[in-house]
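User: Hi! I've just opened this one and would love to talk it through with you. Could you take me round it?

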Amino acid sequence: MKDEYLSDDELKTLKGMLDEQLESLMSQSREAVSALTTVRETDADPLDLAVSESNRDFTLRLADRERRLVGKIKYALERIQAGEYGVCESCGDAITYGRLMARPVATLCIDCKTEAEQMEPGRRMF
Ligand SMILES: [Zn+2]
């Protein structure tokens, strides 16, 4: 097996990215919630109402996707704490630093990911 496991510095960089991403998602969702409240308070005639309804649907869908991403980031941070981060959940091989830089929440190596996508073509995330 090649030595592709993460060094301490690489791990620190990736943890920093995850922390930052989590923080920005948290503040985004706080903003979304306050925007939602503002729209509700200013509802006037039926046309405005329809517009704000569809805005709200959009915001809720967005929030749902963000919630899932927040869950993934928290999971990645847990794995860092447990010392399991950067290891493929399927085959136990190292996930390369380059792949993690592009997608810090990855839990599968590129081989397993490709395989999973071939088995489930409709469930591709991102
Ligand atoms: Zn794998």
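User: Let's start with the basics: how many helices and strands does the chain have?
Analyst: Happy to! This is a predicted model, and its secondary structure comes to four helices and zero strands. Reading from the N terminus, the order is α-α-α-α.

User: And what's the confidence like, on average?
Analyst: The mean pLDDT of the chain is 84, and 80% of the residues score at least 70.

User: Which helix has the lowest confidence, and which the highest?
Analyst: Helix 2 is lowest, with a mean of 83, while helix 3, residues 97–102, is highest at 95.

User: Good to know. What share of the residues count as buried?
Analyst: That would be 10% of the 126 residues.

User: Okay, so which residues make up the largest nonpolar core?
Analyst: There are 10 of them: L14, L18, I73, A76, Y85, I95, L100, V105, A106 and C109. Helix 1 (8–41) and helix 2 (46–82) each supply at least two residues of this core.

User: Is there a general reason why nonpolar side chains would be buried together, or what is the usual tendency?
Analyst: In soluble globular proteins, nonpolar side chains tend to be buried together.

User: Let me pick on Y85 from that core. What is Y85 in contact with, leaving aside neighbours within four places in sequence?
Analyst: Y85 is in contact with L11, A76, R79 and I80. One of these, A76, is listed with Y85 in the largest nonpolar core.

User: Where does L11 sit, then?
Analyst: L11 is in helix 1. Setting aside residues within four places in sequence, L11 is in contact with L6, I80 and Y85.

User: And how far is L11 from I80?
Analyst: Their C-alpha atoms are 8.0 Å apart, although 69 residues separate L11 and I80 in sequence.

User: Why does L11 count as partly exposed?
Analyst: L11 is partly exposed because 17 other C-beta atoms lie within 10 Å, whereas a buried residue needs 20 or more.

User: Moving along helix 1, what about L25? What does L25 touch?
Analyst: L25 is also found in helix 1. Not counting residues up to four places away in sequence, L25 touches E66, L69 and V70. L25 and L69 are 44 residues apart in sequence, with 8.5 Å between their C-alpha atoms. As for exposure, L25 is partly exposed, with 16 other C-beta atoms within 10 Å.

User: Which other residue's distance to L69 can you give me?
Analyst: Q21 is one: the C-alpha atoms of Q21 and L69 are separated by 9.5 Å, with their positions 48 residues apart along the chain. Q21 is found in helix 1 and counts as partly exposed, because it has 17 C-beta neighbours inside 10 Å.

User: Now for a loop. Where does D93 lie?
Analyst: D93 lies in the loop between helix 2 and helix 3. Leaving out residues up to four places away in sequence, D93 touches C88 and C109, and C109 is one of the residues in the largest nonpolar core. The C-alpha atoms of D93 and C112 are separated by 9.8 Å, with the two residues 19 apart along the chain. D93 itself is partly exposed, with 17 C-beta neighbours inside 10 Å.

User: Last one, back to the whole chain. Among contacts between residues at least 6 apart, what share join residues at least 24 apart?
Analyst: Of those contacts, 53% join residues at least 24 apart in sequence.

Key. Residues are numbered from 1 along each chain as its sequence is written. A residue is buried if 20 or more other C-beta atoms lie within 10 Å of its own, exposed if 12 or fewer, and partly exposed in between; C-beta atoms are placed from the backbone. Two residues are in contact if their C-beta atoms, placed from the backbone, lie within 7 Å. A nonpolar core is a set of buried Ala, Val, Leu, Ile, Met, Phe, Trp, Tyr and Cys residues joined through C-beta atoms within 7 Å. pLDDT is the predictor's confidence in each residue, from 0 to 100.
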